[in-house]
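Student: Please take a close look at the salt bridges in this model. I would like the geometry, the exposure of the partners and the setting around them.

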Amino acid sequence: MRQLDWTMILFVSSSLLHEYWLLSGLPRIYYWDVKRQHLNNVKEADENRKTA
């Protein structure tokens with residue numbers, strides 16, 4: 001009976017650690033840099049104008 005308790009404790013603790021490891025980054029909020037995106041769009045437009 002004593003070994004059964006340790007087995008259950010090890011199983012539950014390893015499961016919880018695994019879930020914590022997988023979900024430790026949540027909630028994740030992703031932001032985008034509007035200024036950088038705009039500058040990239042302007043740069044692409046300039047390159048397209050030069051090649052056309």
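Tutor: The salt bridges come first, then the helix and the surface around them. This is a predicted model, in which local features need pLDDT of at least 70 and side-chain atom pairs count only at pLDDT 80 or more, while totals for chains, interfaces and linings use all residues. Residues are numbered from 1 along each chain as its sequence is written, and side-chain values use heavy atoms, with hydrogens and water left out.

A salt bridge here is a side-chain nitrogen of Lys or Arg within 4 Å of a carboxyl oxygen of Asp or Glu. The count by this rule is two.

One of them joins the side chains of R49 and D46, at 3.3 Å from N to O. Both residues belong to helix α2 (residues 34–51) and sit three residues apart, about one turn of the helix. An α-helix has 3.6 residues a turn, so residues three or four places apart point the same way. Helices are DSSP runs of H or I with at least four residues, strands are runs of E with at least two, and both are numbered from the N terminus. For exposure, buried means under 20% relative accessible area, exposed over 50%, and partly exposed in between, with a 1.4 Å probe and protein chains only. R49 is exposed at 60%, whereas D46 is partly exposed at 32%.

The other salt bridge pairs R36 with D33, at 3.6 Å from N to O. R36 is exposed, with a relative accessible area of 54%; D33 is partly exposed at 39%.

As for the setting, α2 has 18 residues and spans 26 Å from its first C-alpha to its last, close to the 26 Å expected at 1.5 Å a residue. That expected span is 1.5 Å times one less than the number of residues. None of the 18 residues of α2 is buried, and the helix is hardly covered.

The chain as a whole has two helices and zero strands, and buried residues make up 0% of its 52 residues. Its accessible surface, by the Shrake-Rupley method with a 1.4 Å probe, comes to about 5,700 Å², with 64% belonging to carbon and sulfur atoms.
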